[in-house]
Amino acid sequence: MTVDIEKVYITYGPMVLRRCRRILKDEDLALDAMQDTFLNLVESENKIKDTALSSFLYTIATNVSLNKIRTLKRAAETYEEELLFKIAAVDETEKETAFSMFLDSLFQRHKESSRTIAVLHFVDGMTLEEVAKEVNLSVSGVRKRLRLLKEEIKNIGKEVIL
């Protein structure tokens, strides 16, 4: 399918930018991620289905943004640079930072798509059906991933208390 990139950009650009901003919480990074999203679209033009273009772009934007976060974490070459990045990126209390570290540890033990599922459902407030459509899984598959995450959180919480 041939895609009119300019028309797609005008139509879906604002949605993609909002998604990138929400994940990255940095305007410059979000603009870069949006550009990368549309570059991926051009490169993936033969995989595009006209009926699911917004879902396709939403998924690409999510993945590009999460990859940017990972790249930034790996790119810190010295302890001072890493510390400055953490300070600049964190506007949370100490408790929220500890919780964030706990979640990072939790998601390292699961498929990357589980993090995406959790973000879409718990942060973005999407229904199980909407999440299933976005990640190309069945509703029961999404429900199972969320249940496994919840069970592990309960088990880890018990370990911390003991």
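This tour visits the salt bridges of a predicted model, one selection at a time. The structure contains five salt bridges, and the stops below include three of them in detail.

**First stop: Arg19 and Asp124.** Select arginine 19 and aspartate 124, whose side chains form a salt bridge with an N to O distance of 2.3 Å. Arginine 19 belongs to helix α1 (residues 5–24), whereas aspartate 124 sits in the loop between α6 (112–123) and α7 (128–135). The two residues are 105 residues apart, and the pair thereby links distant parts of the chain. Colour the selection by accessibility: arginine 19 has a relative accessible area of 4% and is therefore buried, as that value is under 20%.

**Second stop: Asp36 and Lys68.** Select aspartate 36 and lysine 68 next; their side chains meet in a salt bridge at 3.0 Å, N to O. Aspartate 36 lies in helix α2 (residues 27–43) and lysine 68 in helix α3 (residues 53–75), so this pair ties together parts of the chain 32 residues apart in sequence. Aspartate 36 is partly exposed, at 26% relative accessible area.

**Arg22 and the network.** Now add arginine 22 to the selection from the first stop. Arg19, Arg22 and Asp124 are joined into one network by salt bridges that share partners.

**Last stop: Glu27 and Arg21.** Finally, select glutamate 27 and arginine 21, where a salt bridge joins the side chains at 2.8 Å, N to O. Is each partner buried or exposed? Glutamate 27 counts as partly exposed, with 37% relative accessibility, and arginine 21 is likewise partly exposed, with a relative accessible area of 36%.

Technical notes: Residues are numbered from 1 along each chain as its sequence is written. This is a predicted model: local features need pLDDT of at least 70, side-chain atom pairs count only at pLDDT 80 or more; totals for chains, interfaces and linings use all residues. Side-chain values use heavy atoms; hydrogens and water are left out. A salt bridge is a side-chain nitrogen of Lys or Arg within 4 Å of a carboxyl oxygen of Asp or Glu. Helices (H or I, at least four residues) and strands (E, at least two) are DSSP runs, numbered from the N terminus. Buried means under 20% relative accessible area, exposed over 50%, partly exposed in between (1.4 Å probe, protein chains only).
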